[in-house]
Amino acid sequence: MSSVRAPKDEEERRKAILAVALGMGRCIEDVVEEIIGEIPDEALILAIKNRIQFAQEAEETIDFTSLVEGIIELQNDNV
């Protein structure tokens, strides 16, 4: 499971920023492409970013892979 959550404290936040600055981070688009096997469209990325932001505000952890798959399923149901 690849989970997403906000940093617990300022120290964890600094470590995350440092890791990204050192090139250890990956953009959402690349991770989603790896999960779905194709380049994601902007609507999918926006939906994912909005859900991550909501989860951070609610201080909850989400399973990123399940999130991506769930949003794609909803998009396919509406087509």
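**Close-up 1. Arg-14 and its partner Glu-11 in helix α1.** In this predicted model, Arg-14 counts as partly exposed, because its relative accessibility is 45%, a value between the 20% and 50% cut-offs. Its partner in a salt bridge is Glu-11, and the closest N and O atoms of the pair are 2.9 Å apart. Glu-11 is partly exposed too, with a relative accessibility of 37%. How many residues apart are Glu-11 and Arg-14 in helix α1? They are three residues apart, which is about one turn of the helix, and α1 itself covers residues 10–21. Here is a handy idea for this view: side chains of opposite charge can pair when their charged atoms come close.

**Close-up 2. The salt bridge of Glu-34 with Arg-26.** The structure holds six salt bridges, and this view shows another one of them. The closest N and O atoms of Glu-34 and Arg-26 are 2.8 Å apart. Is Glu-34 buried or exposed? Glu-34 counts as exposed, because its relative accessibility of 58% is over the 50% cut-off.

**Close-up 3. A salt bridge between Glu-29 and Lys-49.** Here the closest N and O atoms are 3.9 Å apart. This pair links distant parts of the chain, as Glu-29 sits in helix α2 and Lys-49 in helix α3, 20 residues apart. Glu-29 has a relative accessible area of 31%, so it is partly exposed. Lys-49 is also partly exposed, with a value of 39%.

**Close-up 4. Helix α2 packing with helix α3.** Take a look at residues 28–36, which form α2, and residues 42–57, which form α3. The two helices pack at an angle of about 110°, and their axes are 11 Å apart. That angle falls in the range of 65 to 115 degrees, so α2 is roughly perpendicular to α3. Their crossing is right-handed. Which residues of α2 meet α3? They are Ile-28, Glu-29, Val-32 and Ile-36, and on the α3 side they meet Leu-44, Ile-45, Ile-48, Lys-49 and Ile-52. Sorted by class, this contact has seven nonpolar residues, two charged residues and no polar ones.

**Close-up 5. Gln-53 in helix α3, with Ala-6.** Gln-53 has its place in helix α3. With a relative accessible area of 42%, Gln-53 is partly exposed. Now find Ala-6: along the sequence, Gln-53 and Ala-6 are 47 residues apart. In space, their C-alpha atoms are 9.2 Å apart.

How values were computed: Residues numbered from 1 in each chain as written. Predicted model: local features only at pLDDT ≥ 70, side-chain atom pairs only at ≥ 80, totals over all residues. Heavy atoms only, no water. Axes fitted to C-alpha atoms, helices over the stretch in contact; angles between N-to-C directions. Helix = DSSP H or I, 4+ residues; strand = E, 2+ residues; numbered from the N terminus. Parallel < 35°, antiparallel > 145°, perpendicular 65-115°, else oblique. Left-handed = near helix turned anticlockwise from the far one by under 90°. Contact = heavy atoms within 4.5 Å. Nonpolar A, V, L, I, M, F, W, Y, C, P; charged D, E, K, R; others polar. Buried < 20%, exposed > 50% of the residue type's maximum accessible area, 1.4 Å probe, protein only. Salt bridge = Lys/Arg side-chain N within 4 Å of Asp/Glu carboxyl O.
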